[in-house]
Amino acid sequence: MRALMIRKTGGPEVLEAVTLPRPQPGPGEVLLRVRAVGLNFADILTVAGKYLSRPPLPLVPGMEFAGTVEQLGSGVSGLEVGQTVAALAGHGGFAEYASVPASAVVPVPESLSAAEAAAFPVSYFTAYFALRTLGHAQPGESVLVQAAAGALGTATVQVAKALDLTVIALASSEEKLALCRRLGADHTLLNSREDLVQAVRDRTDGRGVDLLTEVVGGEGFASSLQMLAPLGRVLVIGAASGQTSQLVAQTLMRGNQAVIGVWVTPLAADPVRMREASGFLSELIAGGQVRPVIGRTFPLEQAAEAFAFVTSRASTGKVILEP
Ligand code: NDP
C-alpha cells in the first residue's frame, strides 16, 4: 500500500512516499481502508518532533482519519465490514490502510461524507471537552474564539452556539470573519486590531468574556487575560505561533479567574467521557446544528503542500488529505 513515512523529525520535506505491506489487524484491532485524513496542527508538530507525545520513529503520521471497515481482528464486536467510521488513533493515517485499536474508532453519523467524518473527531471533541467538560460553559455566557475560521475554530464556534454562548470570533482576514458569521458568530474581530482588548470589552458590556480559547500563544496571552471577565476561564489549547506564554499566577486572584490546560488525547481515551461527548455531538449533527467545515483537499502525496497551506495561515476549516 502507498503511505507517507518519517524516519527523522523536521519540516514537511522529511515526509517520504513509501510502499508498505498492508497491515493485518491484531486482536482487538480494526483494519480500515482510509478514505480521508483530517490534517491537524498536531500532525505538523509530530513531524517536527515538537508535539506533546513523541512516538518512536519510523512513523506513519496521521492522527485522525475516516475510512471503511475492511477487516475485524479477533474479539472486536459492534462494527461491520463496509461501515464508514472515523478513527482518532494518534498516527497511521497517512496511508491507504490503517489498523487501529477498536477503542480508537469513533462511530460517525451516516449523514457525513468521508471528508466530513475525517474532519470531525479532533476538532469537535476538543471543542466540546474545552467548553463544556473543562470550561463548564453555562448558557448565556460569552466565549472568545481565537483562529475561529480554522479547523478547531469553526468547530468551536458551532459547539459554542449549540451551548447557547455568545461568540466573539477572531481571525486574520475579513474573508475568514465572514465564514465565522455564516457559522453563527455573534461578533467578529480582526485579530490584528490595535484596540482588540477594548473592542472585546465593548462587546461584553465592559466585563470581558467568560471563556476564551487560547490557541495562538506567545505574548498575546497577556491580552487574553486582559479580555477575561471576573470568574472567567482561559482554555489553553495550543500555540499555533510556536511561541509559549508566561503567566504570573497571582494576577488571577483579583478576578477569581482560571487558566485551564486542554489536551484531547487523554480525554478521548476515557470511554465514559467519549460516550457523553459523542451523544451530545451526534444529536447536533443529526439536527443540522453542527457540520464540519472542509477547507481544501490535497492528494496524500501532496501532504507537504498541505502542511504549508496550514502553517501559512491560508486555510479555513479542516484541510483533508486523500490517499
Ligand atoms: P487551524 O486550522 O486553526 O490553523 C491554524 C490557525 O492558527 C491559522 O489559520 C491562523 O488563524 C492561526 N495562527 C495564528 N498564528 C499563527 C502562526 N504563527 N502560524 C500559523 N497559524 C497561526 O489549525 P488546527 O485547528 O489544527 O489547530 C489550531 C490550534 O489548536 C493549534 O495550536 C493546535 O495545536 C491546537 N489544537 C489543540 C488540541 C488539543 O487537544 N489541545 C486539539 C486540536 C487543535 P488566523 O490566520 O485566523 O490567525
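In this predicted model, the second largest pocket encloses about 650 Å³ of space. Its lining comprises 26 residues, of which L88, S103, A104, A268 and A269 are the closest to the pocket centre. Classified by side chain, the lining of this pocket contains 18 nonpolar, 7 polar and 1 charged residues. Three secondary-structure elements, β7 (105–107), α8 (264–268) and α9 (271–286), each contribute at least two residues to the lining of the second largest pocket. The greatest contribution comes from α9, with 4 residues.

The pocket can also be placed relative to the domain organisation of the chain. The domain assignment gives domain 1, formed by residues 2–120 + 292–322, and domain 2, spanning residues 123–265. At least three residues of the lining of the second largest pocket are drawn from each of domain 1 and domain 2. The centres of the two domains, taken over C-alpha atoms, are separated by 28 Å. In the contact between them, domain 1 is represented by 15 residues and domain 2 by 16 residues.

An open sheet of 6 strands is present, with the order β10-β9-β8-β11-β12-β13 and parallel pairing. Its edge strands are β10 (187–190) and β13 (258–261), each of which pairs on one side only. From one strand to the next, the twist averages 20°. At the β13 edge, the partner is strand β12 (residues 228–236), and the two strands pair in the parallel sense over 4 bridges. Within this region, V236 stands opposite G261 of β13. Towards the other edge of the sheet, helix α5 (residues 174–182) lies across β9 (166–171) and β10, and the helix runs at about 165° to β10.

Two features of backbone geometry were identified in loops. The peptide bond from L57 to P58 is cis, with omega near -5°; P58 is located in the loop between α1 (41–48) and β4 (64–72). The second feature concerns D164, a residue other than glycine for which phi takes a positive value, near 65°. D164 is found in the loop between α4 (151–162) and β9, and β9 is itself one of the strands of the open sheet.

Technical notes. Residues are numbered from 1 along each chain as its sequence is written. This is a predicted model: local features need pLDDT of at least 70, side-chain atom pairs count only at pLDDT 80 or more; totals for chains, interfaces and linings use all residues. Side-chain values use heavy atoms; hydrogens and water are left out. On a 1 Å grid over the protein atoms alone, a cavity is a set of points where a 1.4 Å probe fits but cannot get out, and a pocket is an open set with protein on both sides within 12 Å along at least five of seven lines; lining residues have an atom within 4 Å of a point. Grid points are joined across faces, edges and corners, and a volume is the space filled by probe spheres set on the points. Ala, Val, Leu, Ile, Met, Phe, Trp, Tyr, Cys and Pro count as nonpolar, Asp, Glu, Lys and Arg as charged, and the others, Gly among them, as polar. Domain bounds come from an automatic or database domain assignment. Two strands pair if DSSP finds at least two bridges between them. Axes are lines fitted to C-alpha atoms, for helices over the stretch in contact, and angles run from 0 to 180 degrees between N-to-C directions. Contact means heavy atoms within 4.5 Å.
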